Amino acid sequence: MSEYADGGLTDVPGCIACDLTHGRRDLRGGPIYETDHWRVEHCVGPLGVGTLLVKPLRHVVRIADLSTDESAEMGALLQRTSSVVGSLTNASQVYVCLWSHGPAHVHFVVQPETDAIVESFGTWGPALQAAMFELDDLPARIGVEQFADRARRAFSPSG
C-alpha cells in the first residue's frame, strides 16, 4: 500500500479499481481520460459496450473522504463523461450511478440505456443493471477496445 503525505491511501492491492489503475489487472481498452484526480475507463463488468467508469486516482471508499480538489473536478467530469457516452451510443438515457462496495473504492458507472437494451431485458434502471449482472455476459474485447478508442477521441480537445 502506498500513502499520501496526509496518510490517505493511494493504492490498495486487491482493490479492483486500484489494480486496474496500477496495471495489476487487465484493463480492456486501456485508460480513456484522466484529470489531476480522476480516471475514466471502460467498465470491466457485464454492463455492455459503452459503459464507462469514473473513479478517483487514489483509493477513496466514501464520497465524504474526497478532497476539495477531487470534489471540484467530479461534477464537470461526470457531465462530460455522460455526454461522451450519450453521443457515442445514441442512448435515450445515460445512467450515472455511484458504486462503492466494501474495501473497493468509489466509482461512478456511466451507462448508456438504449431502446434495444431495454427491449432485450424488459426492464430499465437498477433492475436493468441487476439483470445484466445476472446474465454475466462480458462484452467482447474488440468492442470495448473500439469504443475506448472512440471515447478517447471524443475526450480530446479536438474531438
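This report describes the largest pocket and helix α4 of a predicted model.

Residues are numbered from 1 along each chain as its sequence is written, and side-chain values use heavy atoms, with hydrogens and water left out. Local features need pLDDT of at least 70 and side-chain atom pairs count only at pLDDT 80 or more, whereas totals for chains, interfaces and linings use all residues.

The largest pocket (on a 1 Å grid over the protein atoms alone, an open set of points where a 1.4 Å probe fits, with protein on both sides within 12 Å along at least five of seven lines; lining residues have an atom within 4 Å of a point) has a volume of about 210 Å³. Of its 14 lining residues, the closest to the centre are Ile16, Val44, Leu53, His101 and His107. Helices (H or I, at least four residues) and strands (E, at least two) are DSSP runs; those giving two or more residues to the lining are tabulated below.

| Element | Residues |
|---|---|
| α1 | 16-21 |
| β5 | 52-56 |
| β7 | 107-113 |

The largest share of this lining, 3 residues, comes from α1.

Helix α4 (residues 125-135) has the buried residues Gly125, Leu128, Gln129 and Met132, where buried means under 20% relative accessible area and exposed over 50% (1.4 Å probe, protein chains only). Seen down the axis of α4, these buried residues fall within an arc of 95° and so line one face of the helix; the arc is taken from the directions from the helix axis to the C-beta atoms. The face turned away from the buried side of α4 carries the exposed residues Pro126 and Glu134. Just after α4, aspartate 136 takes a positive phi of about 55°.

How values were computed:
Grid points are joined across faces, edges and corners, and a volume is the space filled by probe spheres set on the points.
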